[in-house]
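User: I have a structure open that I haven't seen before. Can you walk me through it?

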Amino acid sequence: MAAPAREIASPPPFTMKPLSPVGGVEIRGIDLAAPFGDEVFDAIMDAFLEHHILVFRDQKLSGEAQLAFTRRFGEIEEHVGRLPNGEKYPLLHVIHNLDEDGNPVRISGGNYFWHTDKSYHAVPSLLTMLHAVETPSEGGDTQFANMHMAWDSLDRETQEEVSDLCAIHSWEANRRNTNQSPATDVQKRERPPVRHPVVRSHPVTGRKALYLGIHTSHIDGRPKEEGHAFLNRLLRRATKADFIYTHKWQKGDLVLWDNRCLLHRAVANFDMESERRVLHRTVVKGTVPY
Ligand code: OGA
Ligand code: MN
């Protein structure tokens, strides 16, 4: 019988260069601020699913244009927390190391630990997008760890052991694990602990991935200390050098990544007290992990 005719997809209207064996692809030749059709968006989505991290170089995007591009992937995630004045965070928020007068300062915080965005929500993030508006002359990298590779690397016995486990993730655990001031009662009420499988299936590709990070507290149904230690050991194994891509930012980079199969963290390898690092951030809401 003759093989069914396959549609020959036209080549995407941009160039792609894979960045590492772990993932990441550099995309040039497209201006994300200009309108483009669904077939171009489909090619972007295919690249996203294959490479997990998209790096669009040389983008000049207004906040509005970034929001419009973000919306094509799904619903934009709102922040649960409030600004000190009680107002909601804007949908596009700014990651920076600046004080109230706009001067660079030393910063720390949860972003500097391995995590997947908003895993302390029942419905965590699908993707996060950062646009590099100001970059330090050196460093200020972001690292990504591929959790498909981490899962694939486990021996059968460990795979069987972790397959049925669920971890408790919470904002409270995040604050504790990252040595920051404890979560307030209001925050604890607004962000109660949630339970997610330690191994999740990617909702589009079906591939399995470990689902871990600094927001985890313990394992459901196991003594807290023991579960916490177990998750820490697993996290160390899951973030070894072989599974990591380190992104070195260039001004104008627009990077988006798949939170369903990657962990990420900021690296404190720049001169925070004298150099500025400013990134515009948007997040797309995902689905309940299974
Ligand atoms: C984030 C994040 C890391 C960085 O935006 O979710 O973790 O390098 N950022 O700024
Ligand atoms: Mn993050």
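Analyst: We can go from the overall chain to the sheets, the metal site and two loop residues.

User: Is this predicted or experimental, and what is in the chain?

Analyst: This is a predicted model. The chain has seven helices and 15 strands. Its radius of gyration is 19 Å, close to the 19 Å that the globule rule gives for 290 residues, so the chain is as compact as a globular protein of that length.

User: What does the C-alpha trace span along its principal axes?

Analyst: About 65 × 55 × 35 Å.

User: And how much of the chain is buried?

Analyst: Of the 290 residues, 51% count as buried. The accessible surface of the chain comes to about 14,600 Å², and carbon and sulfur atoms account for 50% of that.

User: What share of the contacts comes from residues 24 or more positions apart?

Analyst: They make up 82% of the contacts in the chain that have a separation of 6 or more.

User: OK, sheets. What is the strand order in the one with β6?

Analyst: That is an open sheet of three strands, ordered β12-β6-β14, with antiparallel pairing. The edge strands β12 and β14 each pair on one side only. From one strand to the next, the twist averages 20 degrees.

User: How do strands hold on to each other in general?

Analyst: Strands of a sheet pair through backbone hydrogen bonds, in a parallel or an antiparallel way.

User: How many bridges join β6 to β12?

Analyst: Four bridges join β6 to β12, which covers residues 244-247. Within that pairing, Phe144 stands opposite Tyr245 in β12.

User: And to β14? How many there?

Analyst: Five bridges join β6 to β14, again antiparallel. On that side, Asn146 stands opposite Leu262 in β14.

User: Which residues of β6 are buried on each side?

Analyst: Thr142, Phe144 and Asn146 are buried on one side, and Gln143 and Ala145 on the other, so both faces of the strand are covered. That makes five of the five residues in β6, which runs from 142 to 146.

User: What about the sheet with β7? What order does that one have?

Analyst: It is an open sheet of three strands in the order β8-β7-β11, with antiparallel pairing. β8 (194-197) and β11 (216-219) are at the edges with a single partner strand each, so one side of each has no neighbour in the sheet. Neighbouring strands here are turned by 35 degrees against each other on average, direction ignored.

User: Which residue is the bridge partner of Ile168 in β11?

Analyst: His218. β7 (residues 166-169) and β11 pair over three bridges, in the antiparallel sense.

User: Which helix lies across β7 and β11?

Analyst: Helix α7, residues 224-238. The helix runs at about 115 degrees to β11.

User: New topic. Which protein residues are donors for the manganese ion (ligand 2)?

Analyst: His115 and His264, each through NE2, and Asp117 through OD. These donors lie 2.1 to 2.2 Å from the manganese ion. Their spacing in sequence is H-x1-D-x146-H.

User: Where do Asp117 and His264 sit in the chain?

Analyst: Asp117 is in the loop between β4 (93-96) and β5 (125-134), while His264 is in strand β14. The two are 147 residues apart, and the pair links distant parts of the chain. β14 is also an edge strand of the sheet with β6.

User: Buried or exposed, those two? Start with Asp117.

Analyst: Asp117 counts as buried because its relative accessibility is 4%, and the cut-off for buried is under 20%. His264 also counts as buried, at 4% relative accessibility.

User: Last thing: what sign does phi usually have?

Analyst: Most residues other than glycine have a negative phi. His52 has a positive value, with phi near 70 degrees. Asp58 also has a positive phi, near 55 degrees.

User: Where are His52 and Asp58?

Analyst: His52 is in the loop between α1 (38-51) and β3 (53-56). Asp58 is in the loop between β3 and α2 (63-71).

User: And how covered is each? Is His52 buried or exposed?

Analyst: His52 counts as buried, with 6% relative accessibility. Asp58, in contrast, is exposed, with a relative accessible area of 51%.

Note on methods: Residues numbered from 1 in each chain as written. Chains lettered and ligands numbered in written order. Predicted model: local features only at pLDDT ≥ 70, side-chain atom pairs only at ≥ 80, totals over all residues. Heavy atoms only, no water. Pairing = 2+ DSSP bridges. Axes fitted to C-alpha atoms, helices over the stretch in contact; angles between N-to-C directions. Contact = heavy atoms within 4.5 Å. Rg over C-alpha atoms; globule rule 2.2 N^0.38 Å. Buried < 20%, exposed > 50% of the residue type's maximum accessible area, 1.4 Å probe, protein only. Areas by Shrake-Rupley, 256 points an atom, 1.4 Å probe, with all protein chains shown as cover. Donors = N, O, S within 2.8 Å, 3.2 Å for Na, K, Ca; no water.
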